[in-house]
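Morning, everyone. Please have the sequence and the 3D view open while I talk.

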Amino acid sequence: MGKVFTSCVSSARLSYSIISTAFVFLLIHDAPTNSLALEYTPLSDKSENSSSSPTNISLHEGIEFSFEPYRSWGQGIDLENPLLVAYPRSSEEIVELVNWARKNGRNVRPRGYKHSYPPLTITKDTDPAKVVLVDLTKYLTNLEMTSIPPEDTVTNETIRAVRAETGASWQDLVTHLEKNNAGIAHSIIIGDASVGGVLAIGAHGAAIPAKGETLKPGFSFGSLSNLIAAFKAVVFDPETKKYELKSFSRSDPDSNVFLAHVGRAFLTEVTLIVGENYNLRCKSIVDIPAEELFADPDTNPNATRTFVSFLDETGRADVQWYQFTKNPWLKVWSIEPTKPSSCFEVGGPYNYQFPVNINDPTKTVPELGEIAYNNVVAGLASRNASDVWGPSKNILLYSNGSSSPITYGGTVVLTSRDKIQKVLSMVITFFTSLNEEYAQKSVYPIDYYIKFRVTGLDFANETLIKDATQTVLSPLSPPQDYPHFNVAFWMNTFTHRNNSLGSQFMKRFEEFYYDTFNGEIGLARPEWSKSWAYTDEGPFTNTKMLKEIIPSRFGSDWEWAKSILNKYDPERVFSNSFLEDSLQL
């Protein structure tokens, strides 16, 4: 029996004559000639006859569909015409969807929480008739503790693990780990991101080993993608000429491309190594002047309270510096099994909820910076948040996101540990001089703050899995030409989207990064989840950066990745125009 899409759509929604620019979805899959086929014409949201309720389309076997508008969290992509969205309940239904989409000339794009900036899922020029979004967050959310057997580890000992469907939220994942006395070495700071989305772009937190610290089993200082021990992916089977579900282990030679695939693959389930849970302390420090915290180690070797000094002590720190303020906000994490007497014990995550994202056009940027900094100082005091302690999840998750239109520029520099402070001071020197250049003209392209964090790289041996492959497309994939690089310095700039000079500033800042850190002291790469490849027109518009410079920063791994991605998706079902034409992946 063939499969036919049916719908319970209001008569107003099925009126084909209301708008002349309507487009048609003909939803038929192997339908017999006497079956009902639905021609559906979605209406503009601006139509007075439009219904606000979603239109539910269902496959006979029970796959739910609807037509929905698409808006990314960063608000860079906001499509007026609704897209076809599917809600599968299993990996098997995803396979069915993929084969239907392939037959009907549609790309398949997984949908999580849309908590990113680049057009890796949907592009501004997406044709609604040629794509199906597959929502994973409604049903594909199962979490289950498991383990890696001794015969698969280099220590011949069992390693704890969690099996997660890729639609599960990151907060649900770390909460599940906490309930099972498990944890990870570092984490993204938000909870409303899907497991699949986090892993697709090699997301990260902030951690390197403190001086004298040894890595415990189940942990990694690399990207969160480096935790993957096994996974299931939808791939093309050359024998059946169909897309099928295939299981991969981390020792599979082709698995490395899938670990951080930048949107060019479809993983339905992952197994992640995890360690024993632990308690963390986070101390906020707001009284160190920027010139001391960011001191150049060559010209100011006697500075004591430097960023790297805190990394040496605890291995875990991040700093955000509001524009034109004297003192940055430094957060320092340390592993503390028992609560220090000075700490406030927290019972949940997101402990810094005070107003700092202020977009007031009546204020100058220096004034906004001071307001934000003062609100941090006051908020830390009023909420007992200046020195907090609790289970790792409650300390690692500290931002619940923002609906405000903010542009996040993101770059990472791979370097050696002894060069962290030098790289930081070089970045600050250029950033400050660029700020001052614009300020002399009474213009302020960056009106929020700049942020820094440090992690390790994706060393496969940290997983303790036999014959584990290295990631190849993660920002933290170890560069073959620079084996002495062992840490990564992350930088993000934050500015409100209505600032017309922000793109120009970011273009110049990005050029500095790629010109300065081209292999000698460090190697610049993009942070996939943020904005990059800037021109004056905005991010993701710099053709040379997209087609030449960024691929070159991954060396021969880039071409290898392309070959493997095309091997398992030769018809490029898991792609879009940006991945196809701009990154050419």
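I'll go from the whole chain to one sheet, and then to three single residues.

First, a caution: this is a predicted model. The chain has 585 residues. The secondary structure comes to 13 helices and 25 strands. How much of the chain counts as buried? The figure is 59% of the residues. The exposed surface is about 22,900 Å². Carbon and sulfur atoms supply 48% of that area.

Now contacts. Take pairs of residues at least 6 apart in sequence that touch. Of those contacts, 76% join residues at least 24 apart.

Next, the sheet. Which strands make it up, and in what order? Read along with me: β20, β21, β17, β19, β18, β23, β24, β22, β25. That is 9 strands in an open sheet, with mixed pairing. At the edges sit β20, residues 344–345, and β25. Each of these two pairs on one side only.

Look at one pair inside that order. Strand β23 covers residues 449–456, and β24 covers 487–496. They pair in the antiparallel sense, over 8 bridges. One place to find on screen is Y449, whose bridge partner in β24 is F494.

A helix lies across part of this sheet. Helix α7, residues 365–382, lies across β17, β18 and β19. Against β18, the helix runs at about 135°.

On to single residues. Most residues other than glycine have a negative phi. Two residues here go the other way. K241 has a positive phi of about 60°. A533 also has a positive phi, near 55°.

Where do they sit? K241 is in the loop between β13 and β14. A533 is in the loop between β25, the edge strand we just met, and α11. Buried or exposed? K241 has a relative accessible area of 52%, so it counts as exposed. A533 is at 0%, so it counts as buried.

Last one: R572. Find the loop between α12, residues 556–568, and α13, residues 577–582. R572 is in that loop. Why does R572 count as buried? Its relative accessibility is 16%, and the cut-off for buried is under 20%.

What does R572 touch? Leaving out residues up to four places away in sequence, the list is N107, Y243, R264, N566, L579, E580 and L585. With N566 there is also a polar contact, side chain to side chain, at 2.7 Å.

That's my tour. Questions, please.

How values were computed. Residues numbered from 1 in each chain as written. Predicted model: local features only at pLDDT ≥ 70, side-chain atom pairs only at ≥ 80, totals over all residues. Heavy atoms only, no water. Helix = DSSP H or I, 4+ residues; strand = E, 2+ residues; numbered from the N terminus. Buried < 20%, exposed > 50% of the residue type's maximum accessible area, 1.4 Å probe, protein only. Polar contact = N/O pair within 3.5 Å; in protein donor to acceptor, adjacent residues only side chain to side chain. Contact = heavy atoms within 4.5 Å. Pairing = 2+ DSSP bridges. Axes fitted to C-alpha atoms, helices over the stretch in contact; angles between N-to-C directions. Areas by Shrake-Rupley, 256 points an atom, 1.4 Å probe, with all protein chains shown as cover.
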